[in-house]
Structure formats: structure tokens, C-alpha cells
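Okay, everyone, thanks for coming. Let me put the thing up on the screen, and then I'll walk you through what I pulled out of it.

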Amino acid sequence: MKVCFFGSYVKDSYGIPSGNDGTLLKKILETQDVKVVECHESIENFSALIPAYFKLFFKHRKSDYDIMIIPWRGILSLPLAKIIHKKPIIYFPAFSIYDTLVNDRKIIKKNSLKAKFVRFVDKLACKWSDLVVLESTEEINYFVKEYGLSKEKFRQYPLSADESIFYPQTPKNQTTKKFVVLFFGSFIPLHGVETIVNAALILKKYDDICFRICGKGQIMEKIENMIEKNNLTNVKLLGLVPKEKLLDNIKESDVCLGIFGDTLRAQKVVTNKVFQILASRKPLITMESPASLEANLKDKKNCMLVSPANPEKLAEAILYLKNDPAICQQIAKEGYKTFSEHLSMKASGKKLVSFVQELIGK
């Protein structure tokens with residue numbers, strides 16, 4: 001079996017293969033002995049579109065394959081792919097661009113011309129593809145309802161983690177004085193960083209609990225102001241850290257945090273960090289949602305699930321794990337077991353290959 005990765009897709013995020021980007025999808029397919037041919041050109045802006053199209057066209061002419069895959073952020077290449085493709089197209093949008101920019105981040109005003117254009121592009125990209133792969137059934141239901149598309153076109157496919165980077169970590173030396181709570185990710189509404197900071201405020205009286213927050217983004221200034229206003233000396237903002245520093249922080253942590261946003265999009269996704277935490281065999285606390293339940297996450301068994309945007313419940317979950325090291329480690333072990341059995345690169349590869357075989361058989 002031979003697959004062609006086509007377009008302007010992202011190969012990795014900040015040097016870490018994750019989600020539906022090209023590098024991780026390629027590694028996942030290679031676990032099933034699938035050969036991947038890459039026709040890739042970066043398109044940073046619309047002025048680079050035509051030159052990139054020419055390069056992609058000539059690369060594609062030399063390619064032989066059974067199926068074409070458009071990984072995450074390859075949407076700008078879809079018009080060309082639709083014209084020149086030789087075999088069926090599988091598209092990995094990761095999420096609705098319209099929903100993200102209009103409803104979640106509120107960067108674009110609803111009903112504006114820009115919003116209508118983004119919605120049109122989202123819908124057209126799906127219509128031009130033979131199969132659209134999304135993280136959760138909730139996300140699929142959104143696409144079907146919002147864009148009036150047939151559910152038959154969609155397949156649910158959970159994210160995974162690059163196991164050459166994220167793998168079981170040795171439990172931290174319990175003689176260390178501080179109980180370290182780690183968050184890493186973008187400062188966007190989906191992730192609910194405000195909830196984490198408010199939980200830190202609740203736990204401020206505990207001198208042996210500290211929060212480390214890696215990342216930056218849309219609400220960075222708001223988070224900085226919250227920390228300064230409340231004099232939260234138990235919170236360290238580390239900014240956007242390189243891969244090696246991030247892995248050191250994961251290793252040094254006692255508990256890692258997922259997402260806690262109260263937006264509609266937060267109900268539909270689990271996010272890369274959750275799978276990376278499970279793969280690292282670290283205790284996970286994240287929000288309960290239809291997407292997290294679909295990913296086989298179970299409260300107090302393989303993770304701690306709390307209600308979204310609820311700092312009190314998050315603080316309770318942190319104390320629960322801190323006060324019982326045995327349960328904390330048991331949850332970490334069960335989380336890794338769940339990842340290995342259902343969410344590993346090999347498990348994901350089997351499911352992805354079944355989609356390819358489904359289209360080839362048509």
C-alpha cells in the first residue's frame with residue numbers, strides 16, 4: 001500500500017510531531033508497513049500560492065500511489081488536489097476553522113463577510129474530499145449539522161502521540177519538597193488557562209504545591225495580570241519552551257493538566273497534550289466531555305475528570321492526587337495502559353489503514 005501526502009500541510013508543531021500533522025501521520029502509517037510519498041510545499045501566504053502550486057504539480061506527476069491524504073493545514077492545497085488527484089482523497093482538517101475563529105476564539109465576527117468566506121471554505125474542502133477524518137463523534141456531528149454534509153463522508157479517528165518523544169517517565173523522587181502541577185499549551189479559550197490560575201489561587205495556602213505553565217497565546221496578558229493581581233507566587237510562567245525543556249518539565253512534574261475551557265469546541269476535542277501525557281505515564285487531570293469519554297478516559301481510573309471552567313473541582317482533584325501518592329501512580333499506570341491499548345501509534349495505524357482500504361475497495 002502506498003499513500004501520497006499532498007500539499008501545504010504542517011509537518012510538526014514547534015518541532016514536536018503531533019495530532020494530524022504530516023510527520024506523526026506518516027509515522028503512524030509506517031507502523032503498518034505503509035509507504036508514504038510526500039508532495040509537500042509550504043504556503044505561508046496567498047502570494048506564495050501559485051509558485052507552490054507549480055512545484056506541487058510537478059512533484060505529483062512523478063508520484064504513484066493508492067490514496068491521497070491531505071494532513072492538517074493542507075487546506076490551501078485542496079483546489080489543486082481536486083484537479084490533479086489520481087486516486088481518492090482523505091482530508092484531516094483537525095477542526096472547523098470557522099468554529100475556531102468565530103465561536104471559540106472570537107477573532108472574526110459572526111455573520112461578517114470574512115466569517116461567511118471561512119465557513120464556505122470549510123464546507124467546500126469537505127465536499128471536495130472523499131473521506132473526512134475528525135477526532136470525535138461530537139466534531140463530526142458539528143460538521144454534519146453546520147455544513148449540511150452527509151455523515152457517511154466522515155470517520156472518527158482519535159489522536160495519538162509520538163512514542164519516540166513521549167514515553168513512560170520514572171516516577172518523581174517523592175523526597176522532593178514541591179508537588180509540581182504542569183500545564184503546557186496555547187493560551188486560548190479552549191484550554192481554560194484562567195481556570196488553572198484560579199485553581200492556583202484556591203491552593204495558594206499550600207506552600208508545597210506549585211504550578212508551572214508553558215506556552216503563550218491569545219490571552220497571555222490576561223493571565224499575567226491575574227497572576228500579578230493575586231500575587232500568585234505558586235505559579236511560574238515559563239513561556240514557549242523548546243522541546244527538550246518541555247520534556248524535562250513533564251519528567252519533573254507530579255501531575256499534568258489537559259483542557260478546561262467552557263466553549264462548545266472544548267466539548268468536541270481531547271487535544272494533543274492529553275495523549276502526550278498518557279504516553280508519558282503521568283497522572284492526568286482534564287475536563288469531562290463527550291470527546292474525553294469517547295477516548296476511553298474514566299474518572300479516578302485512568303485520569304481525573306472535572307467539570308469545565310470549574311477551578312474548585314480542579315483544586316480538589318489536585319489535592320486528591322497529592323494526598324494519596326499510591327492512587328496518583330495507579331492512575332498514571334492505568335492511563336498509560338489505556339494509551340497503549342487504544343490510542344498508541346500502532347492502534348491508530350490499524351484504524352487509519354482501515355479507512356484507506358475502505359476507499360481502495362470502492
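Quick bit of bookkeeping before the charges: Lys and Arg count as positive here, Asp and Glu count as negative, and His and the chain ends are not counted. On that basis, the protein chain carries 55 positive and 40 negative side chains. The centres of those two sets sit 3 Å apart. And keep in mind throughout that what you're looking at is a predicted model.

Right, the overall picture. The protein chain has 14 helices and 12 strands. Its radius of gyration is 21 Å, close to the 21 Å that the globule rule gives for 362 residues, so the chain is as compact as a globular protein of that length. If you'd like box dimensions, the C-alpha trace spans about 65 × 45 × 35 Å along its principal axes.

On burial, 54% of the 362 residues are buried. The accessible surface comes to about 16300 Å², and carbon and sulfur atoms account for 52% of that. For the contact-map people: take the contacts between residues at least 6 apart in sequence, and 71% of them join residues at least 24 apart.

Now a couple of helices. Which residues of helix H9, residues 243–252, are buried? They're Leu246, Asn249 and Ile250. Look down the axis of H9 and those buried residues fall within an arc of 100 degrees, so they line one face of the helix. As for what covers them, that includes strand E7 (179–184), strand E8 (209–214) and strand E9 (235–239).

Helix H7, residues 193–202, has a buried set too: Val193, Thr195, Ile196, Val197, Ala199 and Ala200. The cover over them includes E7, E8 and E9, along with E10, helix H8 (220–229) and helix H12 (311–322). So, if you're flipping between the two helices on screen, E7, E8 and E9 turn up in the cover of H9 and in the cover of H7.

Okay, backbone angles, since somebody always asks. I've got two non-glycine residues with positive phi to show you. One is Lys106, with phi near 55 degrees. You'll find Lys106 in the loop between helix H4 (97–104) and helix H5 (113–127). Is Lys106 buried or exposed? Its relative accessibility is 63%, and the cut-off for exposed is over 50%, so Lys106 counts as exposed.

The other is Thr271, where phi is about 85 degrees, again positive and again not a glycine. Thr271 is in the loop between strand E10 (255–257) and helix H10 (272–279). Here the relative accessibility is 9%, and Thr271 counts as buried.

Let's move to the N-terminal part of the numbering and look at some individual residues. Ser77 sits in the loop between strand E3 (67–70) and helix H3 (78–84). With a relative accessibility of 0%, Ser77 counts as buried. What does Ser77 touch, leaving out residues up to four places away in sequence? The list is Phe6, Gly7, Ser8, Ile43, Tyr53 and Leu56.

Some of those names come back with His40, which lies in strand E2, residues 35–40. His40 counts as buried at 16% relative accessibility. Again leaving out residues up to four places away, His40 touches Gly7, Ser8, Tyr9, Lys11, Leu56 and Lys59. So Gly7, Ser8 and Leu56 are contacts of Ser77 and also contacts of His40.

Lys11 links us on to Thr23. Thr23 is in helix H1, residues 22–30, and is partly exposed, with a relative accessible area of 22%. With the same sequence neighbours left out, Thr23 touches Lys11, Asp12 and Pro17. For a distance, Thr23 and Tyr9 are 14 residues apart in sequence and 9.8 Å apart, C-alpha to C-alpha.

Last stop is Glu288, in the loop between strand E11 (284–287) and helix H11 (290–294). Glu288 counts as partly exposed, at 40% relative accessibility. Beyond residues up to four places away, Glu288 touches Leu293, Leu305, Val306 and Pro308. And Ile188, which is 100 residues from Glu288 along the chain, has its C-alpha 18 Å from that of Glu288.

That's my tour, so let's spin the model around and talk.

Notes. Residues numbered from 1 in each chain as written. Predicted model: local features only at pLDDT ≥ 70, side-chain atom pairs only at ≥ 80, totals over all residues. Heavy atoms only, no water. Helix = DSSP H or I, 4+ residues; strand = E, 2+ residues; numbered from the N terminus. Rg over C-alpha atoms; globule rule 2.2 N^0.38 Å. Buried < 20%, exposed > 50% of the residue type's maximum accessible area, 1.4 Å probe, protein only. Contact = heavy atoms within 4.5 Å. Areas by Shrake-Rupley, 256 points an atom, 1.4 Å probe, with all protein chains shown as cover. Charge placed at Lys NZ, Arg CZ, Asp CG, Glu CD. Arc of directions from axis to C-beta.
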